[in-house]
Number of protein chains: 2
Amino acid sequence: MAFSITILGNSSAKPTLNAHPSAQVVNLNEQYYLVDAGEGVQQQLIRRGINPLRLRAVFISHLHGDHCFGLFPLISTLGLMGKQTPLDVYAPAPMGEILDYHLRYFDSDLPFEVKWHEVRTTEHCIVMENSTLEVWSIPLRHRVPTAGYLFKEKQPGLNVDKFKITKYGLSIAQVVAAKRGEDITLEDGTTIANEELTYIPYEARSYAYLSDTAFSAKAAERVRGVDLLYHEATYSKSEEQWAKGRGHSTTTEAAKVATKAEAGRLIIGHFSSRYKDYDALVEECRTIFPNTYIAAEGETFKIEEKRNR
Amino acid sequence: MAFSITILGNSSAKPTLNAHPSAQVVNLNEQYYLVDAGEGVQQQLIRRGINPLRLRAVFISHLHGDHCFGLFPLISTLGLMGKQTPLDVYAPAPMGEILDYHLRYFDSDLPFEVKWHEVRTTEHCIVMENSTLEVWSIPLRHRVPTAGYLFKEKQPGLNVDKFKITKYGLSIAQVVAAKRGEDITLEDGTTIANEELTYIPYEARSYAYLSDTAFSAKAAERVRGVDLLYHEATYSKSEEQWAKGRGHSTTTEAAKVATKAEAGRLIIGHFSSRYKDYDALVEECRTIFPNTYIAAEGETFKIEEKRNR
């Protein structure tokens, strides 16, 4: 099952010629979720071959313009495209008021509903859940109320070992029961423990988005064991005091969070416009957390299935 | 004195990969005016080498998103850039309310003032004036209240003929008086008519922006004699009924307005996303109005001084 993150924008608030503000798409089994929506996100979606109509929901970390100004044009365009199903928007307050205003002035005749779900930025809880996914809010430390998001794949269902089906001559009904986790009693009265028949096809995977934020040990704890961690690294390690004052992180701080979280991989973004070359930033991280990469625009980071057998 | 128009975006509402929504910059003597502000306009300004801090005012034709969604991120960025002087925004109502909302939620601590000036879209009048320029509103026929804009350079001041200065031995005071339009009385009592001494260095120039609009003969009259006319041509001539229903124009209609207005040149834009190649559109115009060009993104159209001598 696909689980990947495509970076649509990795810059901070001041736009530059070739960098777009924060936005990315999480693809879990061809279900697409937009995380932050900086200006130009609809064009960035097209550029990366993602039909905006395929978005199931939008998650906004906080109400700074570089994280949400692209949401409103996107909504208008989805209207022009004839979207029928609701668009769920998960965001801190007062996004509800802002959406009301937007709809009143610009999109009073949308063919679909925009449903705002309030994300409380002080709470670590499930904000969205469906059959394959849980999305958790992660309280962050920024200048305005801000939530990170943890995308946790649900544990995939049990598979039944083909060799055991043959060995014990299991019926279809017995295979279905085993998939439900039941022990199986054979015709001769023998009971086979479920663990002998089944296996978990792969471990559930996870992705965390922590931006914008100053260093937060608590956030690191809350994403412990995450396979792929996006952490903002707006500034170089030499700018620690400046970063702190702005509610942002340095490269070093991003790497420390990844280390503390025991993350599989770290990707860094939300770079200040002062940096033209991100290689030095990623190298700073790698001295602490070697498995660090630039969240380069257009790049897709796949989280592979970890097979148990 | 420079008078030029740089196209930042020429597409209609549905974004495509390589086209941006409506936006352009009028440069009159290094004073920059933004006309419409579709999404991404701040990045388009950078792409064309125009520092957003140099914008003196913004003119918005109407409150459809593809003509104004870029204004709000631009305002935020001007704040980050430390703009101190007011930004004048000329736009139909309720832009004042919308700006209030934007400032309240996103830019409550801007270092500069955003001044909204209401443009009444039913009136043909001067909406802005300074020492070199008048900007007139042109009522248009669209689905929502919409104004075009006519940028009329003021008649340049009189020049005094150098040969006449020598011939009559004019003093500096006499030259200054002649520039004011006065007749000059020489020491011998002879009066020299002002017309003999002076000339207008070049005719005042003009640029009109008519978008979005259905065909309007009245608009054509109001821009009569314009040097450069931007007229929307959202659709090909075969789509006349569709265009009418949407409050838009076809190529043929744009060319008819240019003909009726006796425009110097016509540039067409605001193309529907269905057209991948604009050459056919411009050819349709040229059968009626040969001096037609595509308002191609990044292109700068200069209006040269027409010298009298």
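This is a conversation between a trainee and a mentor about a predicted two-chain model.

Mentor: Before we start, residues are numbered from 1 along each chain as its sequence is written, and chains are lettered from A and ligands numbered from 1 in the order in which they are written. The model is predicted, so local features need pLDDT of at least 70 and side-chain atom pairs count only at pLDDT 80 or more, while totals for chains, interfaces and linings use all residues.

Trainee: Thanks! How many helices and strands does chain A have, and what makes a stretch count as one?

Mentor: Chain A has 11 helices and 18 strands. Helices are DSSP runs of H or I with at least four residues, strands are runs of E with at least two, and both are numbered from the N terminus. The C-alpha trace of chain A spans about 75 × 55 × 35 Å along its principal axes.

Trainee: Why is M1(B) called exposed?

Mentor: A residue is exposed if 12 or fewer other C-beta atoms lie within 10 Å of its own, buried if there are 20 or more, and partly exposed in between, with C-beta atoms placed from the backbone. M1(B) has 12 other C-beta atoms within 10 Å, so it is exposed. You will find M1(B) in the segment before β1 (3–9) of chain B.

Trainee: And what makes K152(B) partly exposed?

Mentor: K152(B) has 19 other C-beta atoms within 10 Å, and therefore it is partly exposed. K152(B) sits in strand β9 (residues 147–153) of chain B. Leaving out residues up to four places away in sequence, K152(B) touches E134(B), W136(B), A204(B) and S206(B). Touching here means contact: C-beta atoms, placed from the backbone, lie within 7 Å.

Trainee: How do you know that α3(A) is largely enclosed by the rest of the structure?

Mentor: Count the buried residues: 9 of the 10 residues of α3(A) qualify, so this helix is largely enclosed. Among them are L71(A), F72(A), P73(A) and L74(A). After α3(A) comes G82(A), with a positive phi near 80°. For chain A as a whole, buried residues make up 45% of the 309 residues.

Trainee: What makes β15(A) and β16(A) a pair of strands?

Mentor: Two strands pair if DSSP finds at least two bridges between them. Strand β15 (residues 228–232) of chain A and β16(A) are joined by 5 bridges and run parallel, so they pair. One of the bridge partners is I268(A) in β16(A), matched with H231(A). β16(A) also pairs in the parallel sense with strand β17 (residues 292–294) of chain A, over 3 bridges, and T292(A) in β17(A) is the bridge partner of L266(A).

Trainee: Why is the crossover from β16(A) to β17(A) called right-handed?

Mentor: The label means that, with the strands pointing away from the viewer, the path from the first strand over the helix to the second runs clockwise. The chain passes from β16(A) through helix α11 (residues 279–286) of chain A to β17(A), and this β-α-β crossover is right-handed. Strand β16 (residues 265–269) of chain A is also mostly covered, with 4 of its 5 residues buried.

Trainee: Which way do β7(A) and β8(A) run?

Mentor: Strand β7 (residues 126–129) of chain A and strand β8 (residues 133–139) of chain A run antiparallel, joined by 3 bridges. A hairpin through 3 residues links β7(A) to β8(A), and W136(A) in β8(A) is the bridge partner of I126(A).

Trainee: How do you know how the two copies are related?

Mentor: Two copies of a chain are related by a rotation about an axis and a shift along it. Here chain A can be laid on chain B with an RMSD of 0.1 Å by a turn of 180° and a shift of 0.1 Å along the axis. The two copies are thus related as by a two-fold rotation axis. The superposition is by least squares on the C-alpha atoms of residues with pLDDT of at least 70 in both copies. The same surface serves both copies, as 100% of the contact residues of chain A recur in chain B. Of the residues of chain A, G40(A) comes closest to the rotation axis, at 2.9 Å (C-alpha).

Trainee: Which helix of chain A gives the most to the side that touches chain B?

Mentor: The contact takes 23 residues from chain A and 23 residues from chain B. α3(A) gives the most to that side of chain A, with 5 residues.

How values were computed: Contact = placed C-beta atoms within 7 Å.
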